[in-house]
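Work through the two exercises below with the sequence and the model at hand. Each task is followed by a worked solution.

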Amino acid sequence: MSLKYAVLAALLEGEASGYELSKAFDVSLANFWPATPQQLYRELERLAQDGLVQARTVQQERRPNKRMFTLTGAGRAELDAFAAEPPKRPTAVRDELLIKIQAMDGGDPEVTRALIEERRGWARGKLDRYRRVQSRLLDGRTEDAYLRDAERVGPYLTLLAGIAFEEENLRWCERVLAVLRERVALG
């Protein structure tokens, strides 16, 4: 899969500038498809050239002009076709930290502990951010009410995947830290 479909899916929310899309990626898509602002801008230009998004320039007084992008009918059709295809391959975890943990035996347990504590901090930060997004989406409603009444539920369902992923990261970090404490105690 390419960034192309992630950008098209993000534009289902409506017209957005590259900057707004970048911020939306940080909040709603980064848990499963991270992209830098530069990657997004390049992809938006390609999509516009291919007729999958339409770009318009908004004149601004005291700021540089900005380009706003919307999904075209052709873009929506391509996104629909993509969404109907089975994934090309199952997800694989590629995580440098896991290689370091695999190789930790005989190394300094304090280094390993510090790496895990850093990961735990990142997971907590991301989980906090995802919970804030969840709270904003629910806006006082129950999850069931939101899922029943919302115009689009896909972003919420992917947010739930991000929450579950970071919760599991936290559980794993706590387990690794407990194992490290036990091994140090045993000497």
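**Exercise 1: two aromatic pairs**

At 0% relative accessibility, Y156 counts as buried, where buried means under 20% relative accessible area, exposed over 50% and partly exposed in between (1.4 Å probe, protein chains only). The model is predicted: local features need pLDDT of at least 70, side-chain atom pairs count only at pLDDT 80 or more, and totals for chains, interfaces and linings use all residues. Residues are numbered from 1 along each chain as its sequence is written, and side-chain values use heavy atoms, without hydrogens and water.

Task: classify the ring pair of Y146 and Y156.

Solution.
1. Y146 is also buried, at 7%.
2. Rings of Phe, Tyr and Trp (its six-membered ring) pair if their centres lie within 6.5 Å; planes under 30 degrees apart are stacked, over 60 edge-to-face, the rest tilted.
3. The centres of Y146 and Y156 are 5.0 Å apart and the planes at 45 degrees, so the pair is tilted.
4. Y146 belongs to helix α7 (residues 143-149) and Y156 to helix α8 (residues 154-186); helices are DSSP runs of H or I with at least four residues.

**Exercise 2: the other pair**

Task: classify the pair of Y5 and F82 and locate its rings.

Solution.
1. The structure holds 2 aromatic pairs.
2. Y5 and F82 are stacked, with 4.0 Å centre to centre and 5 degrees between the planes.
3. Y5 lies in helix α1 and F82 in helix α4 (residues 73-84), so this pair ties together parts 77 residues apart in sequence.
4. Y5 is buried at 17%, whereas F82 is partly exposed at 25%.

Conventions: Helices (H or I, at least four residues) and strands (E, at least two) are DSSP runs, numbered from the N terminus.
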